[in-house]
Amino acid sequence: MKTESRTAETTTLFGTLKRLGPFVKPYSWRLFGGFLAALAAGIVALAIPQVMGELVNNVLHPGTPTSALLWVTAIVAVLGALEAFFIYLRRVFVITPASLLEAEMRIGLFKHLQQLPVSFHDKWASGQLLSRSMADLSHTRRWLAFGAIMFVVSTVTIIVGLGVMFSSSWILGVLYLLGAIPVVIRSFYFRNRFRVVSRLSQDQAGDLATNVEESVQGIRVLKAFGRGQEALDGFETRAQTLRETEISKAKTLGAFLAVIVSVPEIVLALGLILGTWLVVHQQLTVGGLVAFFATAAVLARPVESVGMLLGMTFATKTALDRYFDVRDSVNTITSPAQPKPFPDVDGGTPAAASSSKSASLELQNVSFAFADAPDAPILKDVNLAVRPGETMALVGVTGSGKSALCELVPRLYDVTGGRILLNGVDLRELDLETVRSRVSIAFEDSILFSSTVRDNVLLGAPERTEAALKEALAVAEADFVNELPEGVNTMIGEQGLSLSGGQRQRLSLARAIAAKPSVLVLDDPLSALDVRTEEKVTENLRVALQRTTTLIVAHRPSTVVLADRVALLKDGTIVDVGTHAEMLARNADYRDVISSFEQAPTVEEVL
Ligand SMILES: Nc1ncnc2c1ncn2[C@@H]1O[C@H](COP(=O)(O)OP(=O)(O)OP(=O)(O)O)[C@@H](O)[C@H]1O
């Protein structure tokens with residue numbers, strides 16, 4: 001299983017939230033408007049108890065005219081309506097920017113994922129990337145639209161409310177403030193514990209998503225081998241682990257909430273005793289006591305929600321840390337600051353340099369090791385020169401590094417030593433996009449996207465014409481597309497029609513051909529074809545790609561024979577290059593490899 005790098009918890013809450021700044025900046029005025037609206041709602045809510053205090057002190061006494069009573073009631077009702085209006089206004093202000101910000105961050109992440117090298121994707125499990133781009137960003141949106149604003153507003157409301165309480169009675173105010181001490185102490189413990197447990201739960205949710213994805217992708221294998229129960233058991237264990245973490249998270253929050261809710265209640269009970277004593281000793285008016293308790297009642301909600309909002313803020317910090325883990329991953333395969341123009345060996349002007357002009361391909365002392373095994377190079381001191389327009393077959397036993405070598409040519413990985421030249425220029429000195437438009441590759445595992453046959457084949461084509469489509473399909477012997485329900489407009493891929501392995505390979509090959517590359521790299525793209533079709537395709541390729549430099553990984557003598565020359569890869573290096581006949585005559589290793597291709601499996605091998 002892929003294990004992405006989980007960064008240690010080194011960032012502070014402020015440090016992480018600060019990184020939202022550039023994303024928030026375009027919407028700062030609207031978010032500020034939302035904050036003001038929420039603040040106004042809080043202040044209006046606080047004004048209601050004051051009006052009630054006035055009511056008790058100055059209005060409610062024997063002989064009060066009904067009109068005065070109606071006036072006060074009307075004021076309370078208007079204040080209530082105003083509070084509701086400001087809450088509505090907050091939503092209007094923040095919902096659009098928060099959802100836009102979420103979409104932008106998501107698109108930014110996707111763009112970054114597209115740019116990151118294959119070595120990054122080798123390490124990171126898809127479920128982790130999925131949960132970071134979906135759940136973590138939804139969490140951030142909810143926090144921004146509600147949590148952040150309400151956290152600030154609740155804090156301000158509590159501070160203002162405390163001021164109001166002090167103005168009613170400083171003794172009661174001090175009592176209320178003393179209640180904050182256990183809450184503050186508790187919140188430190190809460191912060192540390194909640195941070196750990198919320199990170200754990202978000203990571204485990206990502207692992208679970210990976211688990212679902214792998215099981216769905218491998219459903220045929222699980223069914224065929226009767227391993228459904230095992231997969232279910234594995235999933236259940238992970239789901240249970242996540243559930244336990246969620247419970248632990250809820251318990252942590254619950255324990256904190258218990259303190260944050262019960263302490264003010266206890267303080268209020270003590271306040272009632274003290275307040276009554278103060279009223280009896282005429283150090284406080286009845287109206288003042290009513291206003292104090294009404295304010296405390298209004299503060300009960302922000303005090304309670306501040307705990308929840310703190311939890312939400314820490315969970316958002318975790319979500320953002322997870323998001324930036326990916327955004328901070330450095331793209332190691334980039335264009336140089338000043339790329340050289342693609343060298344046009346035919347001597348034409350750059351404008352005339354069509355992408356279908358062939359180029360020479362040369363590997364000079366190339367070595368390569370995967371990032372997770374830097375001390376075990378797959379390729380060592382590889383030297384190989386493919387002339388413009390030449391077809392070079394690459395032959396070697398399984399696991400000898402043929403695919404690794406192929407993937408170096410379009411810079412899916414970078415060499416760890418030596419260099420690869422296109423028309424004499426190091427790939428790393430050329431613009432990356434240019435390299436990838438000049439080099440096209442077809443893999444053994446053909447990946448098709450949920451789209452039409454046409455879109456899949458013309459994915460990298462410089463001209464998306466009918467002629468280019470037909471030509472590529474013809475060379476790849478993919479005439480089966482005419483039999484599909486809607487021909488080239490038939491939807492294929494995960495959301496469309498399923499194709500056989502050989503059909504998929506031919507479409508993948510057609511895609512590489514339609515790109516009209518200068519260098520075509522074919523990493524065993526014919527392995528799923530029957531021998532006759534493979535021969536036909538190889539023959540077509542020879543005719544159609546006369547001007548295209550081709551490096552083809554071959555597993556069948558029929559393909560090798562049609563190549564101009566063959567290179568033998570052994571122990572991570574090219575040990576011999578020559579025509580098929582020359583190699584057969586002089587190289588015992590080559591004869592071994594070729595005969596292993598031809599040999600029918602023995603009874604033991606079959607069993
Ligand atoms: N991402 C990776 N990280 C580490 N090692 C890898 C990675 N991908 C492949 N390898 C290893 O590199 C070696 C060469 O693999 P490669 O796929 O290039 O061989 P190959 O010659 O194309 O094999 P085959 O003919 O079976 O396709 C293998 O030992 C393989 O296990």
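Q115 is partly exposed, with a relative accessible area of 42%; here partly exposed means between 20% and 50%, buried means under 20% and exposed means over 50%, with a 1.4 Å probe and protein chains only. The residue belongs to helix α4 (residues 66–115). Helices in this text are DSSP runs of H or I with at least four residues, strands are runs of E with at least two, and both are numbered from the N terminus. From Q115 to P377 the C-alpha distance is 25 Å, with their positions 262 residues apart in sequence.

A word on the model before going further. It is predicted, with local features needing pLDDT of at least 70 and side-chain atom pairs counting only at pLDDT 80 or more, while totals for chains, interfaces and linings use all residues. Residues are numbered from 1 along each chain as its sequence is written, and side-chain values use heavy atoms, leaving out hydrogens and water.

**Around the ligand**

Let us turn to the ligand. There are 13 residues around it, and T398, G399, K402, S403 and A404 come nearest; a residue is near when one of its heavy atoms lies within 4 Å. By type, this shell holds four nonpolar, six polar and three charged residues. In that count, Ala, Val, Leu, Ile, Met, Phe, Trp, Tyr, Cys and Pro are nonpolar, Asp, Glu, Lys and Arg are charged, and the others, Gly among them, are polar. Helix α13 (residues 402–408) gives the largest share of the shell, three residues.

Which ligand atom does the backbone of S400 approach? A polar backbone atom of S400 is 3.1 Å from an oxygen atom of the ligand. On the nitrogen side, a polar side-chain atom of D122 sits 3.3 Å from a ligand nitrogen atom, and a polar side-chain atom of D372 is likewise 3.3 Å from a nitrogen atom of the ligand. The protein covers 63% of the 640 Å² of accessible area that the ligand has on its own, as computed by the Shrake-Rupley method with a 1.4 Å probe, where for residues only the protein chains shown count as cover. A polar contact is a pair of N or O atoms within 3.5 Å; within protein, one must be able to donate a hydrogen and the other to accept it, and residues adjacent in sequence count only if both atoms are side-chain atoms.

D122 is part of helix α5 (residues 118–123). With 34% relative accessibility, D122 counts as partly exposed. Its C-alpha atom is 9.4 Å from that of A371, although the two are 249 residues apart along the chain.

Back in helix α13 we find C406. Is C406 buried or exposed? C406 is buried, at a relative accessible area of 0%. Between the C-alpha atoms of C406 and E230 there are 37 Å, and the two residues are 176 apart along the chain.

**Three long-numbered helices**

The table sets out the C-alpha span of three helices, from first to last; the expected span is 1.5 Å times one less than the number of residues.

| Helix | Residues | Length | Span | Expected span |
|---|---|---|---|---|
| α7 | 135–168 | 34 residues | 46 Å | 50 Å |
| α11 | 228–280 | 53 residues | 76 Å | 78 Å |
| α12 | 286–327 | 42 residues | 60 Å | 62 Å |

Where does α7 bend? The bend is at W143, by about 50 degrees; a bend is the angle between axes fitted to the seven residues ending at a residue and the seven starting there. Helix α12 bends by about 30 degrees at L299, with the proline P302 following within four residues. Because 32 of its 42 residues are buried, α12 is largely enclosed by the rest of the structure.

**Backbone angles and a strand residue**

Most residues other than glycine have a negative phi. Just after α11, Q282 takes a positive phi of about 55 degrees. R411, in the loop between α13 and β4 (417–422), has a positive phi near 60 degrees, and R411 is buried at 3% relative accessible area. D524 also shows a positive phi, about 55 degrees; this residue lies in the loop between β9 (519–522) and α18 (531–544) and counts as buried at 5% relative accessibility.

Finally, R565 is in strand β11 (residues 565–570) and counts as buried at 17% relative accessibility. A polar side-chain atom of R565 lies 2.9 Å from the backbone oxygen of A385.
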